[in-house]
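Work through the exercises below with the sequence and the model at hand, and try each task before reading its solution.

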Amino acid sequence: MNDNLYLEIPDSLTPDQIKMMCALEADAFPEDGAIDEVLLVPVTRNGRLIWLREVGDERPVAVCELLRDYKEPDMAYIFGYYVRSDKQGKGQGRIFFDYLFEMMKQDGFTKSCLTVKPSNTAAVKLYEKLGFRIEETRVAEYGEGSDRYYMVKYF
């Protein structure tokens, strides 16, 4: 990993960190809603909230919210993944994914899944380059007009 980048996996969040995360989520997912404080706390305590940090920057460069799939315990569900809008296009998201995949394998996962809006072609292309394959299109996944590709990567 780059000397200026490091990972942090908080076990809990302060009120200021919760506000920061809600703002980052709203920036990353402006049209489709975002995880809020009611979900951030259990994801942090019972799943994994993973931050890619840069020395000297108080906000994470990238964020991943990771859960274990209850129906398939060897599957890691990427509930949220994003690179901060002012840090996109610099390769840090790929670095972050490389770490995440290694961590998932060490934790005993044999596959990972996520959903993505079909019109988010940049994300779909990135996920395909990383080895994810579209397994299905979920119509109205988050309500009317909110279709998602369901993508899976096998390790």
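Two exercises follow, one on the nonpolar core and one on Val41.

This is a predicted model, in which local features need pLDDT of at least 70 and side-chain atom pairs count only at pLDDT 80 or more, while totals for chains, interfaces and linings use all residues. Residues are numbered from 1 along each chain as its sequence is written, and side-chain values use heavy atoms, with hydrogens and water left out.

**Exercise 1.** Find which residues of the largest nonpolar core touch the most other members.

Solution. Begin with the term: a nonpolar core is a set of buried Ala, Val, Leu, Ile, Met, Phe, Trp, Tyr and Cys residues joined through side-chain atoms within 4.5 Å, where buried means under 20% relative accessible area, exposed over 50% and partly exposed in between, with a 1.4 Å probe and protein chains only. The largest such core has 26 residues, and those touching the most other members are Ile78, Tyr81, Phe97, Leu100, Tyr127 and Phe132. Next take Tyr81, which, apart from neighbours within four places in sequence, is in contact (heavy atoms within 4.5 Å) with residues including Phe29, Val63, Phe97 and Tyr127. A second, separate core of 12 residues includes Met21, Leu24, Leu40 and Leu49.

**Exercise 2.** Decide whether Val41 is buried, partly exposed or exposed, and place it in the chain.

Solution. First, Val41 is found in helix H2, residues 37-46, a helix being a DSSP run (H or I) of at least four residues, numbered from the N terminus. Second, Val41 counts as partly exposed because its relative accessibility is 31%. Finally, the C-alpha atoms of Val41 and Leu13 are separated by 7.1 Å, although these residues are 28 residues apart along the chain.

Terms used: Helices (H or I, at least four residues) and strands (E, at least two) are DSSP runs, numbered from the N terminus.
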